[in-house]
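Biologist: Please show me the model, and then I will ask what the words used for it mean.

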Amino acid sequence: SVQAGIDRVEAFRRDLVRVIDGGPDATLPEGEVWPAFQYVINRYPIEPAHLHAMLDGQRCDMIKHTYETFDELYDYCYNVASVVGLVCISVWGVGNDPVVRRLGEYRGIALQLTNILRDVVEDAQRGRVYIPADELRQFGYDPADFKEGVANEAFDKLMAYQLDRARRYYEMSSGLEKLLPA
């Protein structure tokens, strides 16, 4: 059930907070991941807010199945993808660089938008439509048609718009690799 999934995420969040707040001497929850997590969280300057955002993204995926605007979708993409990169750059030692942070955020958005476009039919069959509703209306595409894989003129124009956006985020994040340590 949805509530059981939310409860699991929130139980994980409580364990995560316990380990973060307890520092290197925290009593660890049961599970093989926690000693490694404790080591990493105490060794690297990872912002706990990023870890909470990841869990917020997982929780959101259980309860929110459509997005009205790109701003809403951006927030979701940030939580499920950008913060992963932001945690990585903290481990790699460049997490305090505002340029690297911005490029990492944009790369996460680009990657998640790509994932959304790749899975549009499968997601619709599971009752999820990540393409913003206002853009579906703008291009005259019925989101129910995703389930059947309808690729008409409206679909082509909608997808061209979505692909252009994803490409822009890849372009806005270009140069990221050059700023990361080998």
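**Pockets and a tryptophan**

Modeller: By class, 9 nonpolar, 1 polar and no charged residues make up the lining of the second largest pocket. This is a predicted model, where local features need pLDDT of at least 70, side-chain atom pairs count only at pLDDT 80 or more, and totals for chains, interfaces and linings use all residues. Residues are numbered from 1 along each chain as its sequence is written, and side-chain values use heavy atoms, with hydrogens and water left out.

Biologist: What makes a residue part of the lining of the second largest pocket?

Modeller: A pocket is an open set of points on a 1 Å grid over the protein atoms alone, where a 1.4 Å probe fits, with protein on both sides within 12 Å along at least five of seven lines; lining residues have an atom within 4 Å of a point. F12, L16 and Q58 are among the residues that line this pocket.

Biologist: Why is Q58 in the lining counted as polar?

Modeller: Ala, Val, Leu, Ile, Met, Phe, Trp, Tyr, Cys and Pro count as nonpolar, Asp, Glu, Lys and Arg as charged, and the others, Gly among them, as polar, so Q58 is polar.

Biologist: Why is W34 called buried?

Modeller: Buried means under 20% relative accessible area (1.4 Å probe, protein chains only). W34 has 4%, so W34 is buried.

Biologist: Which residues does W34 contact, leaving aside its neighbours within four places in sequence?

Modeller: Contact means heavy atoms within 4.5 Å. On that basis W34 is in contact with F12, D15, L16, V19, L28 and P29.

Conventions
Buried < 20%, exposed > 50% of the residue type's maximum accessible area, 1.4 Å probe, protein only.
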